[in-house]
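Hi,

Here is the model I promised to pass on. Please have a look at it first, and then read my notes below.

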Amino acid sequence: GTSRQLRLSSGGSQWQNWKEHVRTHNQETANSMQWVKTHGSPYTVLGLKEGAQLDEVKAAYRRLSLTSHPDKGGSIEEFQKIQTAYNMIQKGTYQKGDRMGYESVNFRVLTMLCVIGIAGLTAFYIVVLLPLGWILRKVGILSDSPTRQIPSAEASLREEVKKLQDQVEKLQETLNEVRETVSRKRGRKALN
């Protein structure tokens with residue numbers, strides 16, 4: 001009783017945490033996509049090649065921060081641009097070759113969607129299909145054993161196979177006759 005309620009309540013809490021994580025991640029990805037549309041690649045903003053190593057990114061960020069920081073005579077906008085570019089690369093909301101942020105889609109989100117889909121299909125089977133099958137059997141629409149119909153189907157298939165075999169035999173006889181006729185005509189031409 002109480003342990004099950006505790007598991008359900010903690011599961012609900014975990015689910016809420018998961019939903020919040022996904023919502024936050026999706027918002028960060030959307031913000032990153034918009035930022036990239038406006039400013040370009042964060043690697044370019046930091047003066048690096050696409051896909052530079054994290055230590056190179058840190059070094060470029062420190063170097064640019066020294067010159068662009070408002071306390072050092074730089075503009076607030078430029079410093080924020082550099083800071084955002086650094087954070088996007090560091091957090092992984094922008095990745096190498098990813099112009100729109102699509103590579104940062106969280107694999108766990110896709111896994112969770114698959115699990116939810118499988119759970120939904122299982123629930124549909126248990127809640128809808130099993131009772132429906134039971135009802136149809138009780139009413140007499142659905143047979144308990146579908147194998148009852150197999151002997152009659154098997155007999156009709158055997159008849160069809162026999163008909164096809166007869167047709168193949170007739171075609172082989174006709175083909176043999178044509179071959180004999182052709183070889184006779186060739187033999188006469190060779191003699192002439």
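Read along the sequence, the pattern is α-α-α-α-α-α, that is, six helices and zero strands. Helices here are DSSP runs of H or I with at least four residues, strands are runs of E with at least two, and both are numbered from the N terminus.

A word on the ground rules: this is a predicted model, in which local features need a pLDDT of at least 70 and side-chain atom pairs count only at pLDDT 80 or more, while totals for chains, interfaces and linings use all residues. Residues are numbered from 1 along each chain as its sequence is written, and side-chain values use heavy atoms, with hydrogens and water left out.

Confidence first. The average pLDDT (the predictor's confidence in each residue, from 0 to 100) is 77 for the chain, and 78% of the residues score at least 70. Among the elements, helix α3 (residues 54-68) has the highest mean, 91, and helix α1 (residues 2-39) the lowest, 67. Two stretches stay under 50: residues 1-10, with zero contacts beyond four places in sequence, and residues 97-104, for which the model has 22 such contacts. Contact means heavy atoms within 4.5 Å.

On the chain as a whole, buried residues (under 20% relative accessible area with a 1.4 Å probe, protein chains only) make up 18% of the 192 residues. The accessible surface, from the Shrake-Rupley method with a 1.4 Å probe, comes to about 15,000 Å², and 58% of that belongs to carbon and sulfur atoms. Of the contacts with a separation of 6 or more, 55% are between residues 24 or more positions apart.

Now the inside. The largest nonpolar core (buried Ala, Val, Leu, Ile, Met, Phe, Trp, Tyr and Cys residues joined through side-chain atoms within 4.5 Å) has 18 residues, of which W35, Y43, L46, L48, V57 and I82 touch the most other members. Two or more residues each come from α1, α2 (42-45), α3 and α4 (76-91), and α4 gives the most, with six. Leaving aside neighbours within four places in sequence, L48 is in contact with Y43, E56, V57 and A60.

One last spot to look at: S41 sits in the loop between α1 and α2. S41 is buried, with a relative accessible area of 3%, and its side chain reaches the backbone nitrogen of Y43 at 3.1 Å.

Best wishes

Technical notes
Buried < 20%, exposed > 50% of the residue type's maximum accessible area, 1.4 Å probe, protein only. Polar contact = N/O pair within 3.5 Å; in protein donor to acceptor, adjacent residues only side chain to side chain.
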